[in-house]
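Colleague: Could we go through this model together, taking one helix and then one chain contact in turn?

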There are 4 protein chains.
Amino acid sequence: MIKVGIVGGTGYTGVELLRILAQHPKVQLEVITSRQEAGMPVDELFPSLRKQITLKFTDPGKAELNKCDIVFFATPNGVAMQQAKALYDAGVFVVDLSADFRIKDVAEWQKWYGMSHACPELVAEAVYGLPEINREQIKNARLIANPGCYPTAVQLGFLPLIEAGVVDMNHLIADTKSGVSGAGRKAEVHALFSEAADNFKSYAVPGHRHLPEIKQGLFSIAKKQVGLTFVPHLTPMIRGIHATLYAKLTKKVDLQTLYADRYAKEPFVDVLPAGNHPETRSVRGSNYCRIAVHRPQDGDIVVILSVTDNLVKGAAGQAVQNMNIIFGFPETLGIEHVPLLP
Amino acid sequence: MIKVGIVGGTGYTGVELLRILAQHPKVQLEVITSRQEAGMPVDELFPSLRKQITLKFTDPGKAELNKCDIVFFATPNGVAMQQAKALYDAGVFVVDLSADFRIKDVAEWQKWYGMSHACPELVAEAVYGLPEINREQIKNARLIANPGCYPTAVQLGFLPLIEAGVVDMNHLIADTKSGVSGAGRKAEVHALFSEAADNFKSYAVPGHRHLPEIKQGLFSIAKKQVGLTFVPHLTPMIRGIHATLYAKLTKKVDLQTLYADRYAKEPFVDVLPAGNHPETRSVRGSNYCRIAVHRPQDGDIVVILSVTDNLVKGAAGQAVQNMNIIFGFPETLGIEHVPLLP
Amino acid sequence: MIKVGIVGGTGYTGVELLRILAQHPKVQLEVITSRQEAGMPVDELFPSLRKQITLKFTDPGKAELNKCDIVFFATPNGVAMQQAKALYDAGVFVVDLSADFRIKDVAEWQKWYGMSHACPELVAEAVYGLPEINREQIKNARLIANPGCYPTAVQLGFLPLIEAGVVDMNHLIADTKSGVSGAGRKAEVHALFSEAADNFKSYAVPGHRHLPEIKQGLFSIAKKQVGLTFVPHLTPMIRGIHATLYAKLTKKVDLQTLYADRYAKEPFVDVLPAGNHPETRSVRGSNYCRIAVHRPQDGDIVVILSVTDNLVKGAAGQAVQNMNIIFGFPETLGIEHVPLLP
Amino acid sequence: MIKVGIVGGTGYTGVELLRILAQHPKVQLEVITSRQEAGMPVDELFPSLRKQITLKFTDPGKAELNKCDIVFFATPNGVAMQQAKALYDAGVFVVDLSADFRIKDVAEWQKWYGMSHACPELVAEAVYGLPEINREQIKNARLIANPGCYPTAVQLGFLPLIEAGVVDMNHLIADTKSGVSGAGRKAEVHALFSEAADNFKSYAVPGHRHLPEIKQGLFSIAKKQVGLTFVPHLTPMIRGIHATLYAKLTKKVDLQTLYADRYAKEPFVDVLPAGNHPETRSVRGSNYCRIAVHRPQDGDIVVILSVTDNLVKGAAGQAVQNMNIIFGFPETLGIEHVPLLP
């Protein structure tokens, strides 16, 4: 059993970590912090956890996080970079679910996130926690930058094409759709039920923070500059990401085989048979990414469909997958939930 | 490991049984029948089960159900009564999730269900599978009539009041609300997204088939006639039942203690602290029934709020709970899912 | 043409007033106030009003409301009572969509609303704007207390029973369900999409502010004390109220005829044929209240089903109906929208 | 007043025509046919039309459609081509909301729609009813092929770019999202609430019937072959289309001015100010198409966002707009509904 702490347990990634870790056979939840809810039993804020978790929220100032083996940050951007260093120095493994350590170019990070980075020296240390790309590095990592929800679905979708070098890298398009939980549990008008239900819209078309993260990821594979148009949309569902990816083929290739082979050994990436269209609900509550590949009318445009649950493979599930890898547990331990359908 | 068969695996209770049984540590899925989909891999119809279940649907005529230890009927009303007898005679345990064996008064059953009963001789044998009332009988049952979704939530809500004899039994009211999955996976106009979304309505106010089932259950506790007004509603969510129950108090009683004591040892009934309002999502995907008790303005009307997931505690989860009891497994084995929230 | 002002045009009742008044043939919109959005074009906040309304929000301090013929308050509780007096004294008609002038017993109001009433002297002047009861008084009113959303649906549902004196007045039950827009356009966690979608719950069971309003209304008809249990629920839809009402019959009566006769001349109350179940979507975007009457199993409990659009008949539409009556316009002028279905 | 008939009044485009025509000041509804519902009052099937429409459905065999001035076909594909000729020959104007007369190349039509065309001789006569392109031809048309929902949103989005000749015509991408009402009111499993809610998926990626319609429309403007990748998605809302369009710029152009100028005089196309993102709800229940233009990071990819209500501008509203043009009524008569928000 390892001792686990969570910083910021009141948001959706926090409660999702709790859902998963409550039944992880190798985990003992030690501490969950929340400044605002300190002293309140976790299951009072989240009655879904009644009979599962008996912890109370601890004031961050009083939490003995350095007695944990691993600490997850499920905090807004800008928090982990303040606190990760002390834990890191104390030998505690850190998985940051926020964006603080994802972008290697600190100046670029500061431009997109609008703040000074408090801990640039750890950015180089951080391993980008996408196991399908970085599994070996994750095994030896002490600080994980857990990928964003869109970047997970988009990178897993594009990966085989880019590794194989079969598409025009200058004009990739990622048309992505997210459930509303991606906006977090903050009280904001645009995320109200009466605003978001029975409605569909794009947002941040001029530029979204996940753009540099995706471009960095694709660049690291392609080893050359990537031209990417990234358009996110808000769709009236709670969970789920659907990425529809477009690229122009530059070489002949058996796409279905390319994808099936690339992900044959990946426990959480599922390549659908030719002709299929993955649904977001087919991964609801699970750590799977399901992918289908199409080449409409046998033309030169390849269309990749990639779905995940933004709170699981796009956040908490992937964080636990990284934890499993770090501690040498079976990679799928505690994250084999069967998707909830209907 | 016990060998399990499912008759009728293409509806929502069927796929929910599959979700649960796929990871039940004592279960080996042997056969799933479907006339219409015979030969199709189960995970082709339900991609949510990919990487979890490799069975194909079997034609009912060719399924060797009598080699199973237990068979679940997840069929429309009228099927199990045709087929249960042969299995029963062969020593196979049967759990019927349909209504065929729920009503002891066969004439009454025939009136509400509009057909002749094909197997009245087994009706008396059948044990009504509500463990919180009938646990001891279930242990020795060979045929379980698994309760309906509304009856489970309503009976668990009224039970302590009726056992204690503290309310007017002539004027009980059950105002109930169900998610749309309660209507099943049949192609019907009224259950279309564009009909049921952003809409709320009652239905079957003159009389719903679950009325005699609930009245029989309450009668079996009260040992006298029960006057019940039962009004079901359709609410635009996928899963969930919310029962709002009204009764007139005839004696002074500490309601919170009454409920807390009654359900103190029940693993799946959760009495909320005084003042709470249970949400259906707090049980989504789980086998819990959460209950809160109110007496508004300290008057003589008690208001009970009872929520379940209609596909779990209201169907497949309760069926597996019954199976666990029958086979002497820990009652919670394989049905301890943490509710999915948000 | 009359000159119309709106105080507080940024909430859902405000934008609904704008939707209706933008095309009302006798109305010229003069001014819409908002402290926070002063200077912003209305159609920038609500793009649905582009090509329909060219006004900008005016700072309340600079708005010349006393040049209007009539002013609507679409403000949170506690605002109209501060400002209505000056307008009233200046001869401007006032329709208050908030609760400030609804309760005649000021002490009772103060208890439920948790503040001192700033203008008790006008409370007696105010006419409760439910035309189906108070049409004659409304004609001569200078200050209208526009009814709440639940109270409209509940009172219209109970009205014929109570006028006829055929039910036990001590044990009325109103089990009501509202769409989420009833919670307003405030940024609050409980009303987020990811909290309210795919979920159903009750709230305020110990006591809701609309309880005294409904009891006052029913008392004014019955001329005796009324025992009412009122339980509101939140349902995952944007608009709509569904009231399910229960009462015990004390006399024999032809319920269908009672209701049909009572509302025969009402333009906005629609009594459905016997056996029907009204859906909230059948009134979506319209000023109708549709009602059906049932007596299940010919017992002594009558069940009334009453649906409205909480933003129209439950707020803005009824406010315009009151305006039409005051100014002697045809009562249906500008509020004859056909419900939007699907 | 003109006499209007509707063939096939029981689907969503049918009831939407009824909603609009019920209050159109120049229209007298004469006849609505339905084989299945013949004899039933229209407002019994659609209670939203109570107090608005008193007609009954007429058996198609008995309907005297040739006494009408204009007949709308709101039928499945393959019906209008059987019946339009007789009406056409009798001098009745025909607006076909199905696909029967949209594709000029009859062989192409037969390939995509999988049936023989019963009336190829009228295909050439039919005018494609997109007023923003064909207004002059519509004025003199006797048979209108009313555009499909996706084609309307996509063509209006691409139109200015193509007319101006500023994009690479070989690699256009249309990533489109539709509400579920686009699937019609047929009882089909995939459109059930429990299948489509809280879910997002693409469909028909290999080829959708609206592809040839869009390509024909774009070709007619560009006068050269168009390479288009068209990917439709189903989104869990009732109404609304959101088209996200991608094209590669080949010339410098002020995109905002290009769009604003092109649509300056169009009553139903609304170009949003730079930087905006249109929401589908901003056109709910209305005949508007709202469009925004983006060039992310000042690159060479232009992103066009185009939203409509699929049942109004994408079907019934546009059909009435065509009727208005044909009869010389003001083009906006009876279709100026303010969108319903929230």
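Modeller: This is a predicted model, and a helix of chain D makes a convenient start. In helix H10 of chain D, which spans residues 255–262, the buried residues are Leu255(D), Leu258(D) and Tyr259(D).

Colleague: Why do these buried residues lie on the same side of H10(D)?

Modeller: An α-helix has 3.6 residues a turn, so positions three or four places apart point the same way. In H10(D) the buried residues are Leu255(D), Leu258(D) and Tyr259(D). They are on the same side of H10(D) because the arc they cover around the axis is only 90°.

Colleague: Which elements of chain D do the buried residues of H10(D) pack against?

Modeller: One partner is a helix, H7 (149–164) of chain D. The others are strands of chain D, namely S12 (269–271), S13 (289–294) and S14 (301–308).

Colleague: Which residue caps the N-terminal end of H10(D)?

Modeller: The backbone nitrogen of Gln256(D) has a side-chain oxygen 3.2 Å away. The residue that supplies this oxygen, and so caps the N-terminal end of H10(D) under the 3.5 Å limit for a polar contact, is Asp254(D).

Colleague: Turning to the contact between chain B and chain D, how much area do they bury between them?

Modeller: The contact draws 20 residues from chain B and 20 residues from chain D. Carbon and sulfur atoms account for 69% of the buried area, whose total is about 1,600 Å².

Colleague: Which residue of chain D meets Arg185(B) in a salt bridge?

Modeller: Between chain B and chain D the count is two salt bridges. In one of them, with an N to O distance of 3.7 Å, the side chain of Arg185(B) meets that of Glu195(D).

Conventions
Residues are numbered from 1 along each chain as its sequence is written. Chains are lettered from A and ligands numbered from 1 in the order in which they are written. This is a predicted model: local features need pLDDT of at least 70, side-chain atom pairs count only at pLDDT 80 or more; totals for chains, interfaces and linings use all residues. Side-chain values use heavy atoms; hydrogens and water are left out. Contact means heavy atoms within 4.5 Å. Buried area is the accessible area (1.4 Å probe) that two parts lose on being put together, summed over both. A salt bridge is a side-chain nitrogen of Lys or Arg within 4 Å of a carboxyl oxygen of Asp or Glu. Buried means under 20% relative accessible area, exposed over 50%, partly exposed in between (1.4 Å probe, protein chains only). Helices (H or I, at least four residues) and strands (E, at least two) are DSSP runs, numbered from the N terminus. The arc is that of the directions from the helix axis to the C-beta atoms. A polar contact is a pair of N or O atoms within 3.5 Å; within protein, one must be able to donate a hydrogen and the other to accept it, and residues adjacent in sequence count only if both atoms are side-chain atoms.
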